Amino acid sequence: MEIQYTLTGSGVCIDRIADPDALVIVPEKIEGHPVTSLGAYVLSGTDVEEVRLPSRLVRIGAYGFYGCRKLARIYCHSRVLDLGAGLFADAQRIELLDITEYEGEKSCFKDLLSELRQTLRVRVHRVGRDGETREARLIFPEYYEEWVENTPARITFAETHGCGHRYRYCFVNREFQYAGYDGLFAHVKVQEPEELVTELAIGRLLYSNGLTEEHAKLYRVYVREHWETAGRLLIAADGWSRDGATNLEAGRLPWLVELLDEGVAAAKEAAEPDAGRDETANKETIGSELGQPACGGMSSGQMTAFIAEAQRAGDTEMVSWLMDFRHRRFRGTDPAADFSGGRTSGREPEEKEPRRSLRKRRFEL
């Protein structure tokens with residue numbers, strides 16, 4: 001990779017990056033001077049797949065990434081307030097934007113979103129005046145405009161498809177409004193695929209900067225209702241490769257297990273037992289409110305489904321954790337959930353300490 005640059009009064013302007021690698025990390029400094037700008041066509045027409053921009057960068061020239069058809073991930077800081085025309089022209093594979101914002105400073109977040117109309121996963125790192133960083137993980141759905149001709153009237157008008165444009169309007173004076181974003185959840189639920197909506201909800205719950213309890217409750221309810229999709233996504237995240245973008249990380253399935261347990265507990269508190277029904281009927285009522293049987297938390301059926309999915313994914317460590325959890329949770333209440341894989345001896349097993357793996361696990365509940 002060859003970097004051609006010019007020293008200016010304010011720092012370094014990189015004019016061209018020739019023969020770049022798939023991953024381009026633009027240096028913070030050259031010859032002791034900060035890199036503050038990228039010239040026009042700086043990476044245009046190259047096969048770059050990921051770009052990481054320096055923290056002092058304030059300008060990118062016109063058509064900087066024009067024709068970068070393999071570009072998928074951009075890591076930048078919010079100080080790039082001067083964006084050239086056609087910056088991402090013919091570069092429609094971008095699927096992940098990782099941006100660091102600074103409290104009290106203007107941000108280019110809004111401008112970048114307006115240039116990217118495809119489905120975009122965004123990780124926002126907000127650095128406060130106290131130096132603490134808070135993170136949010138968002139998804140902005142795709143949208144596009146179609147020009148339709150009204151022939152008799154000899155006029156044309158634009159029709160917008162997809163709810164992504166609504167999400168890109170969640171700004172007031174360049175400041176992103178998290179409450180406005182979360183308030184659009186009702187729209188995305190009916191217009192986007194279940195997997196995308198589930199990933200959006202999980203991302204907001206796990207990285208909750210700007211999330212109110214009112215909206216968090218809505219996200220939790222959705223994830224509990226779509227627990228099977230949520231489990232499949234989180235198990236798949238364990239084997240995620242750089243071939244695709246996701247806002248989910250490995251080792252998060254125990255979080256979902258805990259969330260489902262909490263859901264049953266909340267239902268139990270909200271539902272007052274009916275004295276006219278027996279205990280079994282009361283349990284069934286509580287479980288039906290969540291679409292699952294009540295069995296001290298998660299149902300054994302849900303746990304079995306997670307184990308089967310982890311086995312299909314070849315994630316032996318996750319399978320081991322799930323089976324350990326199932327054995328501890330359902331021992332004595334659900335013989336089919338015995339740690340031996342469903343085999344029973346016809347009598348209650350002796351109480352023993354649960355076996356623990358000698359390997360260090362990457363996650364624990």
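**A nonpolar cavity and the salt bridges around the chain**

The lining of the largest cavity is easy to sum up: its residues divide into 10 nonpolar, no polar and no charged. In this predicted model, that lining is made up of Leu 53, Ile 60, Phe 65, Ile 74, Cys 76, Val 80, Leu 83, Leu 87, Phe 88 and Leu 112. The volume comes out at about 50 Å³, and the count of cavities of 30 Å³ or more stops at one. As for the idea behind such a search, rolling a probe the size of a water molecule over the atoms shows where empty space is left.

Zooming out, the chain has 365 residues, of which 47% are buried. Its secondary structure adds up to 11 helices and 16 strands. Of the contacts with a separation of 6 or more, 49% are between residues 24 or more positions apart. The exposed surface of the chain is about 19,100 Å², with carbon and sulfur atoms supplying 47% of that area.

Then there are the charged pairs. Side chains of opposite charge can pair when their charged atoms come close. The tally here is 18 salt bridges. One of them joins Asp 90 to Arg 69, with 2.9 Å between the closest N and O atoms. Asp 90 sits in the loop between β9 (82-83) and β10 (96-102), while Arg 69 sits in the loop between β7 (59-60) and β8 (73-77), so this bridge ties together parts that are 21 residues apart in sequence. Asp 90 is partly exposed at 33% relative accessibility, whereas Arg 69 counts as exposed, its relative accessible area being 56%.

Arg 79 and Glu 105 make another salt bridge, again through their side chains, at 2.9 Å from N to O. This pair links distant parts of the chain, 26 residues apart: Arg 79 is in the loop between β8 and β9, and Glu 105 is in the loop between β10 and α1 (109-115). Arg 79 has a relative accessibility of 24%, which makes it partly exposed, and Glu 105 is partly exposed too, at 36%.

A more local case turns up in helix α10 (residues 300-313), where Glu 309 and Arg 312 lie three residues apart, about one turn of the helix. Their salt bridge brings the closest N and O atoms to 2.6 Å. Arg 312 counts as exposed, with 60% relative accessibility. Finally, some bridges join up: Glu 50, Arg 52 and Arg 73 are linked in a network of salt bridges.

Methods
Residues are numbered from 1 along each chain as its sequence is written. This is a predicted model: local features need pLDDT of at least 70, side-chain atom pairs count only at pLDDT 80 or more; totals for chains, interfaces and linings use all residues. Side-chain values use heavy atoms; hydrogens and water are left out. On a 1 Å grid over the protein atoms alone, a cavity is a set of points where a 1.4 Å probe fits but cannot get out, and a pocket is an open set with protein on both sides within 12 Å along at least five of seven lines; lining residues have an atom within 4 Å of a point. Grid points are joined across faces, edges and corners, and a volume is the space filled by probe spheres set on the points. Ala, Val, Leu, Ile, Met, Phe, Trp, Tyr, Cys and Pro count as nonpolar, Asp, Glu, Lys and Arg as charged, and the others, Gly among them, as polar. Helices (H or I, at least four residues) and strands (E, at least two) are DSSP runs, numbered from the N terminus. Buried means under 20% relative accessible area, exposed over 50%, partly exposed in between (1.4 Å probe, protein chains only). Contact means heavy atoms within 4.5 Å. Accessible areas come from the Shrake-Rupley method with a 1.4 Å probe; for residues, only the protein chains shown count as cover. A salt bridge is a side-chain nitrogen of Lys or Arg within 4 Å of a carboxyl oxygen of Asp or Glu.
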